[in-house]
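The exercises below are meant for a reader who is meeting this structure for the first time. Each task is followed by a solution in steps.

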Amino acid sequence: MLRVEGEYAVRGALDASYRLLSPELARGYRRLGLAPVPLIGVEAAAAACALRTREADQLLDELAEVNLLEDLGPDPRTGSGRYRFHDLVRAHAGQLAATHEGPAGSGAAVRRVVDFYLYAATEAEALLTPSHRILPRRYDRRPAPPPPFADARGALDWLDTERAHLMAALRTAAEHGWHDTAWMLADAMWPLFLRLRPYELWVEAHEVGLAAARRAGDREAESQMLTSGGAGLRNAGRPDEAVGWFGQALEVARERVAAAREQPPGPGGPDVLTAAHRAEAQALHGLGQSHRLAGRLTEALRCFRLALPLREAIGYTRGAALTRICLGDVALAAGRPEEALPELAAARAALLSEDDPYDAARALAFLGRAALRCAGDDATAVEAAKGQLTEALGEFEATGSVHWQGRVLEMLGEAAEERGETERARAWYGRALARYRSVSAPDVRRLEDRLSGLGLGGLD
C-alpha cells in the first residue's frame, strides 16, 4: 500500500518526517494512527494518547504543522476542532504502532478511544434521557471529565455530529470482543435514536448490541437491547419484526420474574423483582406499540392494559404515563377521542412532574389532536385545541426533536383536512414534509402518498 511503482517512495518520505519528531510527538503520531474513527477531535486524541486535553490539543497542532495531520477547522455545530489523516499517513502511523507499541499497547490505545465515546455518550444520555439508563457503565479506563458539551442542546448536537464515530466505536468494540462495552454503547446512544431517528443506525446498533449482550451472558442487557431495538424496528416501519423482538424480550423478562421470586428474602431481592417487572412491562408496552402501528388495535389495547398496572404497581410513574399516551392514541385511532382525553391529560401532568419535557410534549400533541376531534363546531374549543398543538410544536423545537415537529405539523394538516380546509391542509403537510425529509424517508413516502391520494400532488 505504501509502495509507488515498486519503490518505497511514500514510505521513505513519511519515515523521514517521522524521524524528525520528538519522542513524545512520535508516540502521539503512532497512537493517533490507531484511533478507529475517520476524524479526530481533541478529546478522542487525548484518550488515544493518554494525555490531558491541553496536551492533546498541542500535539494535534504540531502534527498539523509538519503536515502529518490535516487541520479541518472547528465543526460548525459543536465548535470542536477536527483533524484527519490521509489514508496512507494513517497506514504508516498504524504500522509504526504495531512495531513500537506492540499488541498490548495498541489495543490499550484503541480501548481508550472506545471508552471515551462510551463515556461521552453516557453523559449525553444523562442530560437528554436520564430515565432510560437503568444499567451500569463499566470502563477499562474511565475518561476524565468534563464531557465535550455543556448542556442538553450541546449534547444532542454532539451526538448528531459524532454519530458515525459512535457507530465506529461500537463496531470496534464488537470486533475486539469487548462485549459489555458494545451493548453499553448501543444503550448510551438512545437519545440520538429517539430524538433524531437515524433508523438504519438504530437497528444496526441494537443488532450488534444484542449479539454482544448474549455473548456476555447478561440477561438484563439482552432485555434492554431487545426492547430498544424493537422500538427501532417499529419506528423504521417494520412492526412485525418488532413484535418478534418484543416477544423475545417478554420471554426473557418473565424468566427473570420467575427467578427473582425464587430468591430468598434479603438485600437486593425486591429490587431484582422490581427490575424484572419493569422489563416485563416494557416488553408489553413495546408489543402494544408494534401492534398499534400494524393496525391491530384490539391486540395493542390488550398489551397496554397489561403494561399499565405493572408500571403503576412498581411506582414507575413516567412509564405509566407513557402507556397512558398510547392508550389515548389507540382511542383516537378507534374513533373514540372522548376516551383519549383523560388518559392524555393525566399523562401530560405526570410527565411534567417527572421533568420529562420531550414526552410531556408528546402527550400535549395527542391531547390537542383529541381535543380537536371532540371540538365539533365550537370555534373556541377548536382554537384552544390548535393552541395545544402549536404549544407542543414549540416544545419539540426546544428539545430538538425534528421528527416530532413533523408529526405535530402533520396533525395540524389532518385537522384542516377533516374540516375541508384543503389549502390549509396542504400548507401544514408541506411544512411537515420539510421536517421529515431530514430524518425519516418512510414518513416522507407515506405523506407524499397521502397527498397524491388527495389529488394535492407531492411537495418539494
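**Exercise 1.** In which loop is Pro146 found?

*Solution.* The model is a predicted one. Pro146 belongs to the loop that lies between helix H6 (102-128) and helix H7 (152-161). The next step is to examine the peptide bond from Pro145 to Pro146: this bond is cis, and its omega is near 5°.

**Exercise 2.** Determine where Ala50 and Arg197 are placed, what their phi values are, and whether each counts as buried, partly exposed or exposed.

*Solution.* Begin with Ala50. The loop between helix H3 (42-49) and H4 contains this residue. Its phi is near 55°, a positive value in a residue other than glycine. Buried means under 20% relative accessible area and exposed means over 50%, with partly exposed in between. Because the relative accessibility of Ala50 is 33%, Ala50 counts as partly exposed.

Continue with Arg197. This residue sits in the loop between helix H10 (190-196) and helix H11 (199-216). Arg197 is not a glycine, yet its phi is positive, at about 55°. With a relative accessibility of 5%, Arg197 therefore counts as buried.

**Exercise 3.** Describe how strands E1 and E2 are arranged.

*Solution.* First, locate the strands: E1 covers residues 70-74 and E2 covers residues 81-84. Second, establish their direction and pairing: the two run antiparallel and are joined by four bridges. One pair of bridge partners consists of Pro74 and, in E2, Gly81. Third, consider the connection: E1 and E2 form a hairpin, with six residues between them. In the turn, Gly79 has a positive phi of about 80°.

**Exercise 4.** Which residues gather in the patch of negative charge on the surface, and which helix gives the most to the negative patch?

*Solution.* The members of the patch are Asp57, Asp61, Glu62, Glu65 and Asp71. Helix H4 (residues 53-65) gives the most, with four residues. Glu62 is a residue of helix H4. As its relative accessibility is 30%, Glu62 counts as partly exposed.

**Exercise 5.** How far apart are Glu251 and Leu284 in sequence and in space?

*Solution.* Start with the setting of Glu251, which lies in helix H13 (residues 239-262). Its relative accessible area is 55%, so Glu251 is exposed. Then compare the two separations: Glu251 and Leu284 are 33 residues apart in sequence, and from C-alpha to C-alpha they are 10 Å apart in space.

Conventions: Residues numbered from 1 in each chain as written. Predicted model: local features only at pLDDT ≥ 70, side-chain atom pairs only at ≥ 80, totals over all residues. Heavy atoms only, no water. Patch = residues over 30% accessible without salt bridge, like charges linked within 9 Å, V, L, I, M, F, W, Y side chains within 5 Å. Areas by Shrake-Rupley, 256 points an atom, 1.4 Å probe, with all protein chains shown as cover. Salt bridge = Lys/Arg side-chain N within 4 Å of Asp/Glu carboxyl O. Lys, Arg positive; Asp, Glu negative; His and termini not counted. Charge placed at Lys NZ, Arg CZ, Asp CG, Glu CD. Buried < 20%, exposed > 50% of the residue type's maximum accessible area, 1.4 Å probe, protein only. Pairing = 2+ DSSP bridges.
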